[in-house]
Amino acid sequence: MGDGDGSAVAVLGRASFELAGLLEDAEPWRLSSRQVTAGVDAAYRLVAQAHAVALSLLGELDARGLAVDTGAPSTLAWLAAKRRMRQQEAKRDVTLAQLLHAADTAKSAIDGERTAATVEGAAVHAALAKGDVNVDQAGVIATALLELPADATTSTRVLAEELLVGEAAMHGPVALTRLGHRIVERVDPDAADRKIAEQLVREEREARRLRSGSRFSDGHGSVFYKFRVPVGDDAFIWPILDTLAAPEPPGDADTDTRSPQQRFADGFVEAMRRVGLDGGLPSKGGDRPRVLVTLDFDKLKTGVGAATMVDTGDLLDPGTVRHLACDALVIPQVLGGDSQILDQGRACRTAQGPLRVAVMARDGGCVHPGCTRPPRWCDVHHVVPWWNGGETNLSNCVVLCGFHHRLYDAGTWGIRFAGDGIPESIPPVWIDRDQRPRRHERFHERRAP
């Protein structure tokens with residue numbers, strides 16, 4: 001740019017004048033396709049070169065504190081206001097200008113035994129001056145250099161810069177940013193391992209501090225849970241939910257009509273249900289946690305009306321109560337016409353102890369044809385509902401997984417016991433007009449008389 005400020009300003013003035021004239025006389029429609037293509041490339045290369053000049057001058061302005069002399073709080077604030085730039089763009093330019101100014105200062109001080117290639121910032125400076133990289137790419141490279149470990153040697157920093165300048169020939173700012181985040185792994189693997197370890201420790205500590213959970217009922221039948229947990233805790237949460245949210249039958253996402261989000265919600269509910277059944281929860285008031293609901297006897301029988309969850313006040317339909325109470329720690333208080341308690345919902349309505357073991361052993365898992373859910377993932381279902389006088393015994397109980405349990409409770413499928421005591425499923429009419437009973441394939445060697 002010459003030896004003095006006046007020379008640089010004069011060159012820039014002439015260039016601005018020439019460009020203005022070019023725009024006035026431009027007739028791009030007269031150009032050939034090859035000329036248009038070459039012109040676009042040349043113009044953007046010129047933009048990068050002009051930006052390199054601006055950054056060199058901005059670096060000098062910052063070093064002299066000229067922005068602050070005008071009353072601006074910083075060079076960044078001055079540039080953003082003066083050129084009406086976005087804050088992030090002004091920050092990018094100031095960061096680049098400081099890097100290039102440091103490179104210029106270092107190059108002017110080197111002796112004959114050193115070359116400009118050993119100065120941090122020299123490679124990106126040269127690439128910008130030639131128009132080989134644009135200012136966005138240069139900004140990414142400057143940011144990547146700032147992210148290198150503080151104890152990285154000059155040779156390491158220069159190598160990282162040269163590698164990223166080389167990558168800029170093939171990658172735009174987004175891809176170059178990803179490469180910049182991991183450049184330390186290429187130039188200093190030991191430092192990369194240390195940096196990653198320190199970063200993970202910081203992230204885990206922050207995630208632990210920010211952990212949270214909340215529950216919200218919308219009053220219209222839905223409850224919202226929101227959790228934020230450290231990734232370390234998710235290491236054992238996700239495998240459980242991922243398994244329980246798998247399509248049914250396993251591996252057949254086309255047959256399972258539930259959306260992935262619905263399967264995930266079902267998996268969460270199933271995980272909580274199993275925790276309750278396994279008895280691993282702490283006692284509360286000397287007893288395991290239970291759900292207490294109240295409903296009228298007529299509503300229980302007819303399925304019309306609503307039950308009330310005592311703890312939260314939320315309403316449930318009687319059909320849902322029937323399903324939950326079949327094999328879970330849900331205690332229904334059945335009320336008569338005068339709201340007097342008729343049945344405290346004795347726990348003996350659920351299959352426990354030797355009976356539960358016997359049902360699980362007989363059925364070997366969910367009895368719905370084709371289902372592979374093992375016994376430990378299943379409920380015990382009453383063929384004749386407990387609320388309709390069904391007894392809790394071996395001849396009235398079968399094993400169903402949570403997904404199929406809902407189908408049978410809704411009446412979509414039916415179930416019966418054959419003459420040999422083996423449960424058989426009765427499909428809906430839309431599957432089999434004759435509704436012929438079906439056995440699970442694990443019973444294929446057993447034949448009904």
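Is Cys401 buried or exposed, and what is its relative accessible area? Cys401 is buried, at a relative accessible area of 3%, where buried stands for under 20% relative accessible area, exposed for over 50% and partly exposed for the range in between (1.4 Å probe, protein chains only).

This is a predicted model, in which local features need pLDDT of at least 70 and side-chain atom pairs count only at pLDDT 80 or more, while totals for chains, interfaces and linings use all residues. Residues are numbered from 1 along each chain as its sequence is written, and side-chain values use heavy atoms, with hydrogens and water left out.

**Overall architecture**

The protein has 17 helices and 11 strands; these are DSSP runs numbered from the N terminus, helices being H or I over at least four residues and strands E over at least two. Of its 449 residues, 33% count as buried. Contacts are heavy atoms within 4.5 Å; among those between residues at least 6 apart in sequence, 51% join residues at least 24 apart. The accessible surface comes to about 26,800 Å², with 56% belonging to carbon and sulfur atoms; such areas come from the Shrake-Rupley method with a 1.4 Å probe, and for residues only the protein chains shown count as cover.

**Cysteines**

A disulfide requires a pair of cysteine sulfur atoms within 2.5 Å, and by this rule the count is zero. The cysteine sulfur closest to that of Cys371 belongs to Cys366, at 3.7 Å, which is too far for a bond. For Cys401 the closest cysteine sulfur is in Cys371, at 3.8 Å, again too far for a bond. Cys371 is buried, with 1% relative accessibility.

**Salt bridges**

Side chains of opposite charge can pair when their charged atoms come close. A salt bridge is counted when a side-chain nitrogen of Lys or Arg is within 4 Å of a carboxyl oxygen of Asp or Glu, and the protein has 17 of them by this rule. Three of these pairs are listed below.

| Salt bridge | Closest N to O distance |
|---|---|
| Arg86 and Glu89 | 3.2 Å |
| Arg92 and Asp136 | 2.5 Å |
| Glu204 and Arg208 | 3.3 Å |

In the pair of Arg86 and Glu89, Arg86 is exposed at 55% relative accessibility, and Glu89 is partly exposed at 27%.

Arg92 and Asp136 form a salt bridge. Arg92 belongs to helix α5 (residues 87-109) and Asp136 to helix α7 (residues 135-146), so this pair ties together parts that are 44 residues apart in sequence. Arg92 is buried, with a relative accessible area of 18%, whereas Asp136 is partly exposed at 37%.

Glu204 and Arg208 both belong to helix α11 (residues 189-210), where they are four residues apart, about one turn of the helix. Glu204 is partly exposed at 37% relative accessibility, and Arg208 is partly exposed at 30%. Elsewhere, Asp256, Arg258, Asp266 and Arg406 are joined into one network by salt bridges that share partners.

**Nonpolar surface**

Leu31, Val36, Val40, Tyr44 and Val47 make a nonpolar surface patch of about 470 Å². Patches consist of residues with over 30% relative accessible area and no salt bridge, like charges being joined within 9 Å and nonpolar side chains (Val, Leu, Ile, Met, Phe, Trp, Tyr) within 5 Å. Within this patch, Val47 belongs to helix α2 (residues 33-64) and is partly exposed, with a relative accessible area of 49%.
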